[in-house]
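Hi everyone, thanks for coming. Today I'd like to walk you through a single protein, and I'll take it slowly so that we can all follow along on the screen.

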Amino acid sequence: MLALVFTSIALALVVVVVAVTSVHLERKRLLTLADGAALHAASVIDEAEFYGADGGAAPALTSGSVEAAAADYLVRSPEAEGMRDLGLVEATTPDGEEAHVTLVAVARPALVGWLVDLLDDGIEITAFSTARGR
């Protein structure tokens, strides 16, 4: 009887560790995706800003160009296809040199995803990344 109790506790511990690890890995995937979107957005220059720049002044990023580039990156990224309920929360530039990107997705834990689906739609995860354009 004691062996059965310890076996049940060990199995429950394994299930919890696997579930937590799967959510952590989903968050890492989302963070990698946010890093890529921010880097891509920081490397794209608004054409109107570029061609209208005063002589010698480096063109600055705009919030519109950052948002468009981040959204384009998410559409084209194969990594984004596997994310559940992926959304672009914010893509802005505070100073014209950095791109700030915030993404949100829903993670479904391994082995207990059915239980999470009964209680809620999943676990919401958020990732934020910043990249400098120069």
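Let's begin with one serine. Ser63 is partly exposed, with a relative accessible area of 34%. Please keep in mind that what you see is a predicted model. Where does Ser63 lie? You'll find Ser63 in helix 3, which covers residues 63–76. Leaving out residues up to four places away in sequence, Ser63 touches Ala91, Thr92 and Thr93. Also have a look at Ser63 and Ala99: they are 36 residues apart along the chain, and their C-alpha atoms are separated by 8.2 Å.

Now move along to another serine, Ser65, which lies in helix 3 too. Is Ser65 buried or exposed? With a relative accessible area of 9%, Ser65 falls under the 20% cut-off, so Ser65 counts as buried. The side chain of Ser65 reaches the backbone oxygen of Thr62, at 2.9 Å.

Next comes Thr93, one of the residues that Ser63 touches. Thr93 sits in the loop between strand 1, residues 84–92, and strand 2, residues 98–107. You might wonder whether a loop residue is covered or open here, so let's check. Thr93 has a relative accessible area of 12%, and because that is under 20%, we call Thr93 buried. What does the side chain of Thr93 find around it? A polar atom of that side chain lies 3.0 Å from the backbone nitrogen of Gly96. A polar atom of the Thr93 side chain is also 2.6 Å from the backbone oxygen of Glu98. Setting aside neighbours within four places in sequence, Thr93 is in contact with Leu61, Thr62, Ser63, Val66 and Glu98.

Let's zoom out to the whole fold. How many helices and strands does the protein have? There are 5 helices and 3 strands, and along the sequence they follow the pattern α-α-α-α-β-β-α-β. Of the 134 residues, 34% are buried. Among contacts with a separation of 6 or more, 63% are between residues 24 or more positions apart.

Now for the inside. In soluble globular proteins, nonpolar side chains tend to be buried together. In this model, the largest nonpolar core has 24 residues, and those with the most contacts inside it include Leu30, Val66, Ala99 and Ile125. Which elements give two or more residues to this core? They are helix 1, helix 3, strand 2 and strand 3, the last being residues 123–132. Helix 1 provides the largest share of the core, with 8 residues.

Ala99 is a nice one to click on. Not counting residues up to four places away in sequence, Ala99 touches a list of residues that includes Ala38, Ala41, Ala42, Leu61, Val66 and Ser129.

Finally, let's go to the outside. The accessible surface of the protein comes to about 8,200 Å², and 62% of that belongs to carbon and sulfur atoms. Leu2, Val5, Phe6 and Ile9 form a nonpolar patch on the surface, and together they have about 410 Å² of accessible area. Take Val5 as our example from this patch: Val5 is found in helix 1, residues 2–43. Its relative accessible area is 40%, and because this lies between 20% and 50%, Val5 is partly exposed. So helix 1 holds Val5 of the surface patch and also gives 8 residues to the largest core.

That's my tour, and I'm happy to take questions!

Methods. Residues are numbered from 1 along each chain as its sequence is written. This is a predicted model: local features need pLDDT of at least 70, side-chain atom pairs count only at pLDDT 80 or more; totals for chains, interfaces and linings use all residues. Side-chain values use heavy atoms; hydrogens and water are left out. Helices (H or I, at least four residues) and strands (E, at least two) are DSSP runs, numbered from the N terminus. Buried means under 20% relative accessible area, exposed over 50%, partly exposed in between (1.4 Å probe, protein chains only). Contact means heavy atoms within 4.5 Å. Accessible areas come from the Shrake-Rupley method with a 1.4 Å probe; for residues, only the protein chains shown count as cover. Patches are made of residues with over 30% relative accessible area and no salt bridge: like charges are joined within 9 Å, nonpolar side chains (Val, Leu, Ile, Met, Phe, Trp, Tyr) within 5 Å. A salt bridge is a side-chain nitrogen of Lys or Arg within 4 Å of a carboxyl oxygen of Asp or Glu. A polar contact is a pair of N or O atoms within 3.5 Å; within protein, one must be able to donate a hydrogen and the other to accept it, and residues adjacent in sequence count only if both atoms are side-chain atoms. A nonpolar core is a set of buried Ala, Val, Leu, Ile, Met, Phe, Trp, Tyr and Cys residues joined through side-chain atoms within 4.5 Å.
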